[in-house]
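Open your viewer, switch to a cartoon display and get ready to click along. We will move from one selection to the next, pausing at each stop to see what is there.

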Amino acid sequence: MHAETETRWMVLGTDGRHVSLGRSEPSEAEVMAASDALAAQGLSGWLARLHGEYYIRGKVTLEPLQRIGAPHDADWQAALTAFHAARHRATH
């Protein structure tokens, strides 16, 4: 039997820090609140969709949806690499 892949909406910071917004698509107001909270701290990142089980050692993928927080031209791939390193530390 094949388990259904989990989908979560995440905030991914440019340095790889991240937080889950939940399993259902966030409202425009929730995205704006997350963006404002990042910007208030001088931080920036992306709203992203995660596919896969975060707390299981298997592969997950992140899909960038929207830049949020302070204006930035940060590199998605660098943030993604930092995310995978942080997740590896959390799950191993």
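This tour starts with the sheet, then visits the helices, a pocket and two single residues. Keep in mind as you go that this is a predicted model.

**Stop 1: the sheet**

Begin by colouring the strands. You should find four of them in an open sheet, in the order E2-E1-E3-E4, with antiparallel pairing. Which strands stand at the edges? They are E2 (18-22) and E4 (61-69); each has a single partner strand, so one side of each is left without a neighbour in the sheet. Now turn the view to look along the sheet: the twist from one strand to the next averages 30 degrees.

**Stop 2: strand by strand**

Select residues 7-13, which form strand E1. E1 runs antiparallel to E2, and four bridges join the two. For a landmark on this pairing, show Met 10 and look across to E2, where Ser 20 stands opposite.

Next, go to the pairing of E1 with E3. These strands also run antiparallel, joined by seven bridges. Here Leu 12 faces a residue of E3, Trp 46, across the pairing.

Keep Trp 46 selected and step over to E4: the residue opposite Trp 46 there is Arg 67. How many bridges join E3 to E4? There are eight, and this pair is antiparallel too.

Before leaving E3, try a surface display. E3 is mostly covered, with six of its eight residues buried. If you show side chains on the strands, here is a general rule to look for: in a regular strand they alternate between the two faces of the sheet.

**Stop 3: the helices**

Select residues 28-40 to bring up helix H1. H1 packs on the sheet, where it touches E1, E3 (44-51) and E4. Compare directions and you will see that H1 makes about 70 degrees with E4.

Then select residues 76-91, which are helix H2. H2 lies across E1, E2, E3 and E4, and runs at about 110 degrees to E1.

**Stop 4: the largest pocket**

To find the largest pocket, select its lining: Val 11, Gly 13, Thr 14, Asp 15, Arg 17, His 18, Val 19, Leu 21, Ala 34, Leu 38, Leu 43 and Ser 44. The volume of this pocket is about 180 Å³. Colour the lining by residue type and you get six nonpolar, four polar and two charged residues. Which elements give two or more residues to the lining? They are E1, E2 and H1, and E2 gives the most, with three.

**Stop 5: two residues to compare**

Click on Ala 70, in the loop between E4 and H2. Is Ala 70 buried or exposed? Its relative accessible area is 16%, and under 20% counts as buried, so Ala 70 is buried. Leaving aside residues up to four places away in sequence, Ala 70 touches Ala 39, Gly 42, Leu 43 and Ser 44. Add Gly 45 to the view: it is 25 residues from Ala 70 in sequence, yet the C-alpha atoms are 7.9 Å apart.

For the last selection, pick Asp 36 in helix H1. Asp 36 has 44% relative accessibility, which lies between the 20% and 50% cut-offs, so it counts as partly exposed. Finish by drawing a line from Asp 36 to Thr 61: these two are 25 residues apart in sequence and 25 Å apart in space, C-alpha to C-alpha.

Key
Residues are numbered from 1 along each chain as its sequence is written. This is a predicted model: local features need pLDDT of at least 70, side-chain atom pairs count only at pLDDT 80 or more; totals for chains, interfaces and linings use all residues. Side-chain values use heavy atoms; hydrogens and water are left out. Two strands pair if DSSP finds at least two bridges between them. Axes are lines fitted to C-alpha atoms, for helices over the stretch in contact, and angles run from 0 to 180 degrees between N-to-C directions. Contact means heavy atoms within 4.5 Å. On a 1 Å grid over the protein atoms alone, a cavity is a set of points where a 1.4 Å probe fits but cannot get out, and a pocket is an open set with protein on both sides within 12 Å along at least five of seven lines; lining residues have an atom within 4 Å of a point. Grid points are joined across faces, edges and corners, and a volume is the space filled by probe spheres set on the points. Ala, Val, Leu, Ile, Met, Phe, Trp, Tyr, Cys and Pro count as nonpolar, Asp, Glu, Lys and Arg as charged, and the others, Gly among them, as polar. Buried means under 20% relative accessible area, exposed over 50%, partly exposed in between (1.4 Å probe, protein chains only).
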